[in-house]
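Subject: Structure handover

Hello,

Here is the structure we talked about passing on. Please open it first; my notes come after it.

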Amino acid sequence: MAPKKTKEHSNDLRQTVIKHFLNGDTERDIVTKVLIPRTSSHYIIAKYKSTKCIGNIIGRGRKRKTTIHTDRLIQRKIKENRRISSLSVKVELPNDLNINISETTIRRRAHEGGLFGRMARKKPYVNKVNRGKRLEFARTYREKSLGLWNHVIWSDESKFNVFGSDGKVMVWRTTKEELDPKCTVPTVKHGDGNVKCWGCFSSSGVGNLVFIDGNMTGEMYRDILQKNLLQSVENLNMDKDWVFQHDNDPKHRAAIVTNWLNREHIECLKLPSFSPDMNPIEHLWDEVERRMKKEQPKNEKELKEALSRVWNGIEQGPLFIISFKYSSNLLSTFDCLYAYFIEGGKESGGRYIRNYHLIPYCRRPDDNDELEPVSYLDNDNIAQTITFDELKKQDITSEQLLEWFAPIDVAEKYEMNNDSVDIFHKCASPWFGSMCQYKLQYDLSLSFGDIVQATFSHYLKIVANVTTGTCYRFLESCHRDSWPQCLDWREICDGKMDCISGEDEQWCDQLEMTKCSDNEYRCHYGDQCIPLNFYKDSRFSIDCLDGSDEQDHVTDYSLLINIYCTNIQTFRCQERTGRYPLSFQCGDGQYTRFFGIPNFITICSNSRDIALSQAMLTSFNYISNIGCREAFFCALYFNRTEHSGTNVTKKAEIIKILFWF
């Protein structure tokens, strides 16, 4: 006979019953208040008395095959080798931990860590050295005039197939039309049905298109340049300051090619190695590929005729956009939006302080990041394109450019009159930016500062559902998992070892040895020195990252918290570090008391403290013995509860933790 099936009550209902029970209510009163059968109430209370658990007892049902240690090992193996299969992990585990689990279990553990099997994206390989070269290239040329790119003639080779692209082609079909000729892409054996070509272009038009027979050598490339490069330059009416660009292909760097370029006194633009995405002619080949879809060549001869027809039919407009798209990618990587704020208040003596802030919000990669490509939009976002020289003829001032939402650096360059051939893009509403590449989904009457200020004023509502934050990822031996356990940059050189290896406090003593001059004030932490007249000038004008140049409002370590920083967008909060030994960094400039972790009441506005507490305490869930688990909780909670003075208070705190998590 099958056992009688009972109704499963939710955890919320059980918690409500236990709350009434802990408050001293009788079972009769609880039944009246909660509206459940008396037997159910009695069962929930009896279970809590015997197990001290509100939910189901750990261990019910099928036991988990792996421990937390095993789960982390599986995820670490996958992260170390992203191409490893679940079968390979299964084979390695018996040697590492002497356990046997299925491939399905391994995939489940990977999914729990946010790792899923996906098709790898293909992209040009760029090692760390070349990443640095790419970033240095962008930094070098971002300060150059936009008119520089009008003097560059870009070149490269490409291949076109008779039967279309080598890539994937999408079609609409039913399940029975998989092999229907209308739904297939014709293919031929390798070596047939394609042509190779060399081409060049500038912002003023396309140059010659040359078809290549067979495999190109250095001699063939020299002949192509000799017959077509100078002729293309002449046809495009380029001035004497033109620059030639070709990539680092071995044939391009052959001695016979280099000697010819030197004899002709041709200056070359050097791009970083393994960077085909930095050559704008790739966009031109894409445009040719799109236009070739309208052609239907049946053999190589027709393919060459169609390519020549498409190539010569490309207008100057798309080439102008492609050329300036290149400079846009260099500039937009470093674009900044400036928010203007006025902050002030009364000091303790009654003196009113007013501070003016111009805060940049920038897109800027570090030395280990690749340049982030920015998709350039259609010409609809640009109302008018005009040179600086034409603006000056119309008596346009830099103030008027700012009224047209021109970037500050563009207005400054126009005011300094560095280069009259520079281009100004007057953006159509609601676009803005040096290339009109940005827009905000807000009321157009609001300035960027107004938008930032409104965002911070609603900060507490915004972060209410935040479940992730930023992590400092440049200490290789400091493995603290993802947010909220991960390291925050404010925890570097803060006097506490937050990494097991101690790497976060390594070499910090050298910073402490930095000397400040006699007319400077030394901040407490780090190597920061500020002018002496900035010391204690205003509590609204904090100049040290740790705030040690101004008197802090904190007088009692038990009240160590700067909750006021949650909606202030200036330096004194957003770049603030806690200088107190017992402070806990919330990760957004706010700090609280360190001995409040773990806790079940959040103080950080972004809830990093409660998220970290939950991650710490739930890591003991695999311990089935409640008494043993309570012992761990007591050890974690000892520092926080010792000031209470009684074991009863400690026990109450532990019950709250068990009840909460």
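The notes below cover one helix contact and then the salt bridges.

Please keep in mind that this is a predicted model.

Helix packing

A convenient place to start is R14, which lies in helix α1, residues 11–22. Is R14 buried or exposed? Its relative accessibility is 8%, so R14 counts as buried, the limit being under 20%. Leaving aside residues up to four places away in sequence, R14 touches E8, H9, I44, K47, I54, G55 and N56.

Two of the residues that R14 touches, I44 and K47, also appear in the contact between α1 and helix α3. Helix α3 covers residues 38–51, and its axis comes within 10 Å of the α1 axis, with a crossing angle of roughly 75°. Angles of 65 to 115 degrees count as roughly perpendicular, and α1 and α3 are therefore roughly perpendicular to each other. On the α1 side the contact is made by R14, V17, I18, F21 and L22, and on the α3 side by S41, I44, I45, K47, Y48 and K49. Sorted by class, the contact of α1 with α3 has seven nonpolar residues, one polar residue and three charged residues.

Salt bridges

How many salt bridges does the structure hold? There are 17 salt bridges, and I describe some of them here.

K304 pairs with D213 in a salt bridge whose closest N and O atoms are 3.7 Å apart. This pair links distant parts of the chain, with the two positions 91 residues apart in sequence: K304 is in helix α11 (residues 300–312), while D213 is in the loop between β3 (205–212) and α8 (218–235). K304 is partly exposed, at a relative accessible area of 26%, whereas D213 counts as exposed at 59% relative accessibility.

K393 and D389 form another salt bridge, and there the closest N and O atoms are 3.7 Å apart. Both sit in helix α13 (residues 388–393), and because they are four residues apart, about one helical turn separates K393 from D389. K393 counts as exposed, with 65% relative accessibility, and D389 as partly exposed, with 33%.

R490 forms a salt bridge with D488, with 3.3 Å between the closest N and O atoms. R490 and D488 are both buried.

Finally, R64, D71, R109 and E112 are joined into one network by salt bridges that share partners.

Regards

Definitions and conventions: Residues are numbered from 1 along each chain as its sequence is written. This is a predicted model: local features need pLDDT of at least 70, side-chain atom pairs count only at pLDDT 80 or more; totals for chains, interfaces and linings use all residues. Side-chain values use heavy atoms; hydrogens and water are left out. Buried means under 20% relative accessible area, exposed over 50%, partly exposed in between (1.4 Å probe, protein chains only). Contact means heavy atoms within 4.5 Å. Axes are lines fitted to C-alpha atoms, for helices over the stretch in contact, and angles run from 0 to 180 degrees between N-to-C directions. Angles under 35 degrees count as roughly parallel, over 145 as roughly antiparallel, 65 to 115 as roughly perpendicular and the rest as oblique. Ala, Val, Leu, Ile, Met, Phe, Trp, Tyr, Cys and Pro count as nonpolar, Asp, Glu, Lys and Arg as charged, and the others, Gly among them, as polar. A salt bridge is a side-chain nitrogen of Lys or Arg within 4 Å of a carboxyl oxygen of Asp or Glu.
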